[in-house]
Amino acid sequence: MAQRYPLVIGGKAVIAGNHAEVANPSTGDVVGLMPLATPGQLDDAVAAAAAAFPAWRDRDDDDRRRACHAIAGVVADHAEPLARLLTLEQGKPLNGMGSRFELGGALAWTRHTADLALPMEVLQDGDQGRIELHRRPLGVVGSITPWNWPVMIACWHIIPAVRAGNTVVIKPSPLTPLSTIRLVELINSVLPPGVVNVVTGENAVGAALSAHPGVAKMTFTGSTATGKKVMAAAVDTLKRLTLELGGNDAGIVLPDADPRAIAEGLFWGAFINNGQTCAALKRLYVHDDIHDAVCDALVDYARGVTVGDGLDEASVLGPVQNAMQFDKVRRLVDDARARGGRILTGGAPLDRPGHFYPVTLVADVDHGTALVDEEQFGPALPIIRYRDIDEVVAKANDSPCGLGGSVWSRDAAAARALAARLECGSVWVNRHGAIQPNAPFGGVKQSGFGVEFGVEGLKEFTAVQTVFC
Ligand code: NAD
């Protein structure tokens with residue numbers, strides 16, 4: 001019998017009346033049973049967070065810093081079983097840039113965020129009086145997370161929220177809820193009851209959380225389509241919002257780049273987590289002079305990458321996480337092929353159980369093909385040949401999204417000049433998608449608004465209060 005996981009409300013494990021199975025994408029086996037929260041249980045979670053808020057808000061700031069470090073401590077103590085559970089439900093390998101890497105990221109962000117502070121600022125102090133700027137917490141923060149990096153993104157939401165003095169109700173993706181439940185259980189072993197609560201269920205629970213009158217702010221990471229629904233649901237109560245949404249990141253390789261030297265960075269920029277990463281490289285533009293050499297170098301690199309069951313220590317990529325995503329990747333690649341796209345490697349599902357799709361590189365495609373125009377969010381990269389710099393800038397910016405972008409060149413000044421012309425929240429030179437806990441990260445256009453990470457990210461969980469004394 002598969003394990004029934006509980007909701008965590010007010011510091012207590014709450015057993016739901018109904019459950020749904022969570023499947024292992026490598027095998028289809030049941031990993032565990034997700035509790036299906038009722039609307040009443042969602043209300044209970046928001047009420048528990050609201051009840052815990054005043055005492056948590058009034059805690060000494062240094063206490064909250066220590067509490068966040070205590071979270072890092074308890075998560076570190078349980079990192080290996082948590083990584084294993086993550087692999088079972090998400091599919092990503094334990095090894096490589098998989099579950100252990102994700103736990104390492106969650107810990108790095110937790111520790112860095114713990115040590116951030118937002119001290120009071122004196123704006124004026126003189127004959128005309130004193131003016132102080134304080135940052136106050138908002139109240140109950142609602143968090144909704146996706147299935148691609150569930151544990152790390154949960155920490156990106158929870159830790160700055162509680163560090164700034166808020167309390168939290170988190171709702172993970174129904175595809176990967178178990179590792180978040182376990183994370184919240186661990187957090188509750190070191191925080192007062194009610195400060196962090198978890199409710200799970202299908203998408204309707206997210207919709208109800210976004211509309212809940214007891215929630216002061218929503219922090220949402222997921223698709224642009226769902227982000228719009230969260231924004232609409234937040235209107236009635238004017239909730240504060242941070243929306244980290246989809247991307248269709250362009251990478252531009254200038255003619256002076258060394259194809260062999262950049263192949264590894266390009267590959268992992270695109271295929272980290274099987275391409276199921278918001279700021280993965282999703283469209284690669286290569287100058288005609290070195291187009292074929294870059295394609296050859298990428299194909300050679302892909303040959304050495306082992307795809308398999310995440311529990312196998314030899315695997316560095318696992319399956320696609322779910323059937324819907326698997327079907328989307330297959331449809332986009334088949335469509336690109338039908339429109340004249342040249343499959344350099346991969347191109348058809350692997351002949352084995354589970355949602356396994358190989359690393360796929362497709363050349364001779366351009367705008368007007370869905371693999372280029374849409375966010376594929378999977379292991380298939382379109383490679384687009386270009387000749388003119390203005391043409392490639394226009395194409396890179398020809399997207400409703402604007403999350404990340406990259407420029408690949410030996411000439412740092414030329415790369416920086418090109419970066420300034422890209423419409424996106426982050427630009428990397430000679431790498432792609434490398435995020436850090438001290439560098440703000442967020443999107444422009446329909447990739448969302450608000451930023452996460454660093455002091456700028458922490459500020460998003462506060463309101464300014466100006467005190468005229
Ligand atoms: P999704 O939008 O389908 O689901 C995200 C979350 O929203 C899930 O928890 C889901 O249950 C919930 N949800 C669904 N309908 C809802 C509704 N009506 N109201 C409130 N919540 C609802 O996204 P996904 O498939 O889980 O994740 C993939 C997407 O997330 C990709 O587009 C990717 O680019 C994006 N993403 C963005 C970032 C970033 O930082 N910008 C990071 C990771 C993923």
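Here is a short walk through one helix, the nonpolar cores and a small sheet of this structure. The model is predicted, so local features need pLDDT of at least 70 and side-chain atom pairs count only at pLDDT 80 or more, while totals for chains, interfaces and linings use all residues. Residues are numbered from 1 along each chain as its sequence is written, and side-chain values use heavy atoms, leaving out hydrogens and water.

Let us start with helix α2, residues 61–77 (helices are DSSP runs of H or I with at least four residues, strands runs of E with at least two, numbered from the N terminus). Its 17 residues should span 24 Å at 1.5 Å a residue (taken times one less than the number of residues), and the end C-alpha atoms are 25 Å apart, which agrees. At the N-terminal end, D60 caps α2 with a side-chain oxygen 3.2 Å from the backbone nitrogen of D62. R64, A67, C68, I71, A72, V74 and V75 are buried in α2 (under 20% relative accessible area with a 1.4 Å probe, protein chains only). Among the elements covering them are α1, α3 and α4.

Next comes the largest nonpolar core (buried Ala, Val, Leu, Ile, Met, Phe, Trp, Tyr and Cys residues joined through side-chain atoms within 4.5 Å). Of its 48 residues, I158 and V196 touch the most other members. Helix α5 gives the most to this core, with 7 residues. Another core, of 27 residues including I252 and L332, lies apart from it.

Finally, β5, β6 and β22 form an open antiparallel sheet in that order (strands pair if DSSP finds at least two bridges between them). Both β5 and β22 stand at the edges with a single partner strand, so one side of each has no neighbour in the sheet. Between β5 and β6 there are 5 bridges.

Methods:
Buried means under 20% relative accessible area, exposed over 50%, partly exposed in between (1.4 Å probe, protein chains only). Contact means heavy atoms within 4.5 Å. A polar contact is a pair of N or O atoms within 3.5 Å; within protein, one must be able to donate a hydrogen and the other to accept it, and residues adjacent in sequence count only if both atoms are side-chain atoms.
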